[in-house]
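Got your viewer ready? Load the model, switch to a cartoon view and keep the selection box handy.

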Amino acid sequence: MTSRYRSSNPSEDLNSRTPRRRTVVKAAAATAVLAGPLAATLPARAVDQAPAFLHGVASGDPLPDGILLWTRVTPVPEAIPGSGLGPDTEVSWTVAEDRAFSTVVAKGSTTATAASDHTVKADIRGLEPGTDYWFRFSAGGTDSPAARTRTAPAHDAAVTGLRFGVVSCANWEAGYFAPYRHLAARGDLDAWLHLGDYIYEYGTGEYGTRGTVVRPHAPAHEIVTLADYRVRHGRYKTDPDLQALHAAAPVVAIWDDHEFANDAWSGGAENHTEGAEGTWSARQAAAKQAYFEWMPVRPAIAGTTYRRLRFGKLADLSLLDLRSFRSQQVKVGNGQVDDPDRTLTGRAQLDWLKAGLKASDTTWRLVGNSVMISPFAIGSLSADLLKPLAKLLGLPQEGLALNTDQWDGYTDDRRELLAHLRANAIRNTVFLTGDIHMAWANDVPVDAGTYPLSPSAATEFVVTSVTSDNLDDMVNVPQGTVSAVAAPVIRAANRHVHWVDTDRHGFGVLDITAERAQMDYYVISDRTRRDATATWSRSYRTRSGTQKIERVYDAV
């Protein structure tokens, strides 16, 4: 059995906010001396132990015969993320059938260099489908922690069930990553989906902290350069709960805006000042390079995260990139949201998505979707709730009922996609969404204005944030206080919305059988505590053939 390392991104591997911008950013912040901020990304033991695997190990993008492995080696103490320092270092990997590594099925090595920030990817092939494996890396006599991964089922396998963790929006400064810890402890995940905002780009205290930074970012300034993005990724990868989840199951990840800058689009971002922070093209390129260095993601097309994975005959998963190709967001109320020349997906990606959904022969068609596709109107909220909700969603605070950063701002793309589902009788399409720091269970109507007389073309499960601010955080009240008032109003104005929780942090667990796809929603007790507990909150499912959401009163 053989394996090989690939530094390229072969196309054959897969089927083909909120706060307003500061007006002035000191350019010096982006070119500051790196030593102090960079050192903060590593645990203290880095200074006296090298080589070391201080950022954990990870796997991702499972295939029936393979898996993508990742690590980052610190060859010498000064070779901290973003520094550009440190010697070329041979890193080997071993894949085994058992945790004791007594039955090795693949091994190999490559050279980690400063050019890739000493990150390593190994694209392992020749594995058995639907199988658990264990892997580890080694360098200079030091072994990394051992980790579990799992390949996807065979292409034509009659899979009886799949289970995925689902998360989004993890702001380091706002709290600890207890949702990751609770998902890691389950031991029953085929994979976990990260739907965007894996990192945040803001400087310390600039996003969702209300003056209380639970733990500071590194670097302390807003990230702009390649070194900055590498440092920030390195900081996140030191989190023990995130490391534990990466070591427990493979991840399938897409990006949203904060991997770049708030409300990013193809030509810029709300949180980018052209000139003072360099050019957008350079910043975007730096963010993408760091992302692909630090994440176990195997792009089918270089420079984008849209791709498709298959899990036997039960489900395929189309993963979207809704930042690289989109037109700039527009103001509400001027009619431009309906402009057919504006796009969220880009023409090529939308055609790829439509073709994949039509050609799919699986029971379920899952879509990893970073911003909500279901239409949303605010309704008649009181002023004290309307303003923070508008801020959270990036809306004008006078309360115009539209979020132009979501599919609501690009209605022609949405209309074309939903019409395609209806015209081709494409059933069982389920959008899996993050971004807005709230949990939702939605039908996706062809025409929200006439729903429920208008048919539902698909369903959508939106997961809340891991730590990023939601409504109760923004108005500084106990969990559940705002949702008790806001949720009924939101549902009254949006009849396709079966449930919304505006207040809590947590994660989802998606369980799929041939008969139904069910999302179990879990919430954590306190994002500011390392030992936060997790509690089941609610469950919703869509039964095969219905294109409708219904409540379930027990978790799977």
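The tour below goes from a sheet and its helices to some salt bridges.

A word before you click: this is a predicted model, where local features need pLDDT of at least 70 and side-chain atom pairs count only at pLDDT 80 or more, while totals for chains, interfaces and linings use all residues. Residues are numbered from 1 along each chain as its sequence is written, and side-chain values use heavy atoms, with hydrogens and water left out.

**Stop one: the sheet**

Select 307–311, strand E14, and 497–501, strand E20: these are the edge strands, each pairing on one side only. They belong to an open sheet of seven strands with mixed pairing, in the order E14-E15-E16-E17-E19-E18-E20. Helices (H or I, at least four residues) and strands (E, at least two) are DSSP runs numbered from the N terminus, and two strands pair if DSSP finds at least two bridges between them. On average, neighbouring strands here are turned by 20 degrees against each other, direction ignored.

Now pick 439–445 (E18) and 456–462 (E19), which run antiparallel and are joined by six bridges. Which residue in E19 is the bridge partner of Val 444? Click on Ala 458 to see it.

**Stop two: the helices on top**

Add 411–423, helix H9, which packs on the sheet and touches E17 (429–433), E18 and E19; contact means heavy atoms within 4.5 Å. The direction of H9 makes about 125 degrees with that of E19. Such angles run from 0 to 180 degrees between N-to-C directions, with axes fitted to C-alpha atoms, for helices over the stretch in contact.

Next, show 481–493, helix H11: this one touches E18 and E20, and its direction makes about 155 degrees with that of E20.

**Stop three: salt bridges**

The model has 32 salt bridges, each a side-chain nitrogen of Lys or Arg within 4 Å of a carboxyl oxygen of Asp or Glu. Show Asp 123 and Arg 298, whose side chains meet at 3.1 Å, N to O. Asp 123 sits in strand E5 (119–124) and Arg 298 in the loop between helix H6 (280–294) and E14, 175 residues apart. Buried or exposed? Both are buried, meaning under 20% relative accessible area, with exposed over 50% and partly exposed in between (1.4 Å probe, protein chains only).

Then go to Arg 347 and Glu 416, a salt bridge at 2.4 Å, N to O. Arg 347 lies in helix H7 (347–359) and Glu 416 in H9, so the pair ties together parts 69 residues apart in sequence. Arg 347 is partly exposed at 45% relative accessibility, and Glu 416 is partly exposed at 21%.
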